[in-house]
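Me: I am new to this structure and would like a close look at a single part of it, taken slowly and set within its surroundings.

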Amino acid sequence: MSIALDQVTKRYQEQPVVNDVSIEVGEGEFFVLLGPSGSGKSTLLRAIAGLTGIDHGRISLHGRDVTHVRARDRGVGLVFQNYALFRHMTVADNIEFALRVRRMKRADRVARRKELLKLVALEGLDERLPGQLSGGQQQRVAVARALAHKPQVLLLDEPFGALDAKIREELRRTIRAVQRELGITTVLVTHDQEEAFALADTIGVMNHGRLLEVGHPHDLYAQPATRFVATFLGAANLLLARQGAEGIRFGATPVNAEASARLHAGREHEVVAVLRPEEVELAATREQLSSNYIARGAVEDIAFTGALERLRIRLLDEPCAAQLLGSGSAAEARLEVTRTQPERRELPLRLGAQIALGARRLHILPTPISSFLACAPTEAEAEELAREPLLESLSSRMKTRVTLRAIDGLDEAPAPFAGVAAVAAGDKAASTVEWLLKHGAAEVLVLPRQAPSPSRVYIHWTDEAVRRATLAVSASLLRHVAAEAVYLGIVTEGAQATGRAAPMRKLLDARSEAQSVHGLEMRTELAIGETVTEITRNLSAGTAQMLVLGISDIEQAGTAYRSLLAAQPGWPVLIVYRPGESRISPEIAA
Amino acid sequence: MKSSSQKPARQREPNVLPGFGITLGFTTFFLCAIVLLPLSALLLKAGGMDLSRFIAVITSPRALASYRLSFGASLLAATVNMVFGFAIAWSLVRYDFPGRKFVDAIIDMPFALPTAVSGIALTTVFAGNGWIGQYLEPHGIQVAYTWIGITVALTLIGMPFVVRTVQPAIAEVQRDLEDAAETLGAGRFYVFRRIIVPTVLPALLTGFTLAFARAVGEYGSVIFIAGNKQMKTEITPLLIFMHLEEFDYAGAAALGVVMLAISFVMLLAINLLQVWGRKRLMVSR
């Protein structure tokens, strides 16, 4: 491995800006770190360069551990957004800077400089001052300067940020060509997905200090695993669909889509589907569609952008419109559609035209948290619950919605529940949770009043059968909050006699599964004692703590863990329920 | 032809900055009334005496000794200020320490203090029985009433000029430059010598010029600590004052002209140096 980051964490004033990031970049690979501003990508790059120390983790370059090596001894080349050229030195002196530091002979210096200037196509500009060059030329000088000492790794921090579109394109090609020619391992940081697609062998997407997904550009675009990557890499319409034994339905219509991993053990459940604008098919009537019909719509806006035509389409079928995420209410539900020019010629559309919509390809996100359902005895109380800061921030960060649901009296045959149910913490919480789980809810979030966004999330499950689901839900949650994940393993006093080897192994298994399957970096802690006491002790030890609790037995929520759901002192608790193995129906087990 | 008879009104280029006429008027007026007129008067006065007397006055051993002292001490003081002023400005810009705001405010004190007050204060501290003087005297270092004392006074007076001009320049040195140099393999001292100093140099020279100009013209603080011994601790402004006391206006003016000429040449030289340096640095951003 050329660059290996192992659980790198960097905090500013206790807030993690880079949170447990592990990356491996192969020899000669062009790796692009993509993320919005403030996602921690630049900090991570500076950490690789050695300009920023890290609080936790290890960094190695070509097998050499450089975690505590100074920047000047790391042998990396760094290019900055604002070029950072030495303005009082000529181009020649700038490029030769690293060589002079190394006391290289004059003749060798000149030869190397000529070679580099040729590489970045700036021959003959040796004696110019940076101020006499255009922005694109200055950045080329910066690239040449960064390569002068033959670094093993080239790091580029938003190198095209200050340039206009045309120059950007040109420089992008130069950098790609130089990188290929030298075969140098390169990491580039950007917020521009187009740039990432154009350059990367591999893209790593960061948000809130976490590395969400790593993969080949095409795979990340076609099969994102998270909402964030789905919407950040290109445009995406997010839909809530239902997945059951007979397949996937959007509204009332069945659609073809690859089924996601069966996290929900066969029960019908809500999933988030990604519909790319170019995968929407438009036709005058439903019969003319070659793909699966999803809804009717009216053209609301048309924009011409050259190669593509962009349309905004209002969904006319109420139930479908209600399932479209990313807009406030069903009445505002709009689908983004793009068409190529041949498609446009085949079916010219005007504003207001009514059309049938089909989905050529739907991708189901493997995320277990689709939407939230605020449950309270009355509509008003449900509305109040939906305004809880934690629930509001979670739903907005997950780009999903909170639906209100009045559950007056815990009657026996309620309508099915979809998404994560949220209930207020308190005396009645335990029995409500029990009732919800009994009637089909799979996850319940118990919220005390005004709970802050957590800085640490404890994860615990009572039964190995729910480990996978609990980890999946935890990973999904932690992608959207800047918190540290801690798996709490608890050994009861009685079991201790049998030795510690088994629980320790469990701990390590959990950790490696979290990392490999769910991309979740988590710490592990082992406690000895009674389960609820130990959980309470850990939750009380700090502020802004949260618990994700996996259970396989509905009664447990109402009895053993009752005290955790109380209003005082009150922690947010996300209960993940999956029926124990014995209860999985035979056809699913098969 | 109708169109030819109607001469189009000449369109004036609209200017975003209004009042060019009035500001230039004021500039010229003030320059004349406050700077140029008194200087011309000085030249006229000196021109009133015959050449041999003029040369006798300005080349008297006493005058020559005073030039050496005045310009020597001023240059030394400005140099000291350039070094320590840079250090002060550096620590004020780059580090955050308790009391930083307070130190920052103290820098301006020499601006506000009447110069005579600072002269008296320095004399109190550095006299043979003063707070510091009493420890220096036994080691044979006499500060008050020697050229050292004069340099100390001039340093105090000029210090804020350097600090205040260098501060913004240091703030403008991008951290990226230092980071870039470091990734290229340069050590701290190399970065300081090759990157930071050259970037701050123009501002540093401006500060030096201001401190030097101020020191040359300083009178109030120096006469208290100088002791004014003939040939030894007489600065040129004092010599001029003595000519005035003897009602020898022409002699005073002659010395004044010499000071003016030397100052002008030195300031011009430094300014040219600066223009050259700036051209190298600032060719269009």
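Me: Please look closely at strand S3 of chain A, residues 30-34: is it buried or exposed, and which strands does S3(A) pair with?

Reply: Before turning to the strand, please keep in mind that this is a predicted model. Strand S3 of chain A covers residues 30-34, and five of its five residues are buried, so the strand is largely enclosed by the rest of the structure. In a regular strand the side chains alternate between the two faces of the sheet. In S3(A), Phe30(A), Val32(A) and Leu34(A) point one way, while Phe31(A) and Leu33(A) point the other way, and all of them are buried.

The strand has a partner in S8(A), residues 185-190, with which S3(A) pairs in the parallel sense over five bridges. Within that pairing, Val32(A) has Leu188(A) of S8(A) as its bridge partner. S3(A) also runs parallel to strand S9 of chain A, residues 202-207, and here four bridges join the two. On that side Leu34(A) stands opposite Val205(A) of S9(A).

These pairings place S3(A) in an open sheet of six strands, whose order is S6-S7-S8-S3-S9-S10 in chain A and whose pairing is mixed. At the edges stand strand S6 (76-79) and strand S10 (210-215) of chain A, and each has a single partner strand, so one side of each is left without a neighbour in the sheet. From one strand to the next the twist averages 15°. The mixed character of the sheet can be followed from S9(A) onwards, since S9(A) is parallel to S3(A) but runs antiparallel to S10(A), to which five bridges join it. In that antiparallel pairing, Gly204(A) has Val214(A) in S10(A) as its bridge partner. Towards the other edge, helix H4 of chain A, residues 135-147, lies across S6 and strand S7 (153-157) of chain A, and the helix runs at about 165° to S6(A).

The approach to S3(A) along the chain deserves a look as well, because Gly28(A) lies in the loop between strand S2 (15-25) and S3 of chain A. Gly28(A) has 14 C-beta neighbours inside 10 Å and therefore counts as partly exposed, whereas the residues of S3(A) are buried. Not counting residues up to four places away in sequence, Gly28(A) touches Gly183(A) and Thr185(A), and residue 185 is also where S8(A) begins. Gly28(A) and Val153(A) are 125 residues apart in sequence, yet their C-alpha atoms are 8.8 Å apart in space; residue 153 is where S7(A) begins.

Further along the chain comes helix H1 of chain A, residues 41-49, and nine of its nine residues are buried, so this helix too is largely enclosed by the rest of the structure. Its buried residues include Leu44(A), Leu45(A) and Ile48(A), but also Lys41(A) and Arg46(A). After H1(A) comes Gly50(A), whose phi is positive, near 95°.

For contrast, chain A also holds an open sheet of five strands in the order S16-S20-S17-S18-S19, in which the pairing is antiparallel. Its edge strands are S16 (280-283) and S19 (334-340) of chain A, each of which pairs on one side only, and the twist in this sheet averages 45° from one strand to the next. S16(A) and strand S20 of chain A, residues 354-359, pair in the antiparallel sense over four bridges, and in S20(A) the bridge partner of Glu281(A) is Gly358(A).

Stepping back to the whole chain, the secondary structure of chain A comes to 19 helices and 30 strands. The radius of gyration of chain A is 27 Å, close to the 25 Å that the globule rule gives for 590 residues, so the chain is as compact as a globular protein of that length. Its C-alpha trace spans about 90 × 75 × 45 Å along the principal axes, and 47% of the 590 residues count as buried. Among contacts in chain A between residues at least 6 apart in sequence, 73% join residues at least 24 apart.

Terms used. Residues numbered from 1 in each chain as written. Chains lettered and ligands numbered in written order. Predicted model: local features only at pLDDT ≥ 70, side-chain atom pairs only at ≥ 80, totals over all residues. Buried ≥ 20, exposed ≤ 12 C-beta atoms within 10 Å, placed from the backbone. Pairing = 2+ DSSP bridges. Axes fitted to C-alpha atoms, helices over the stretch in contact; angles between N-to-C directions. Rg over C-alpha atoms; globule rule 2.2 N^0.38 Å. Contact = placed C-beta atoms within 7 Å.
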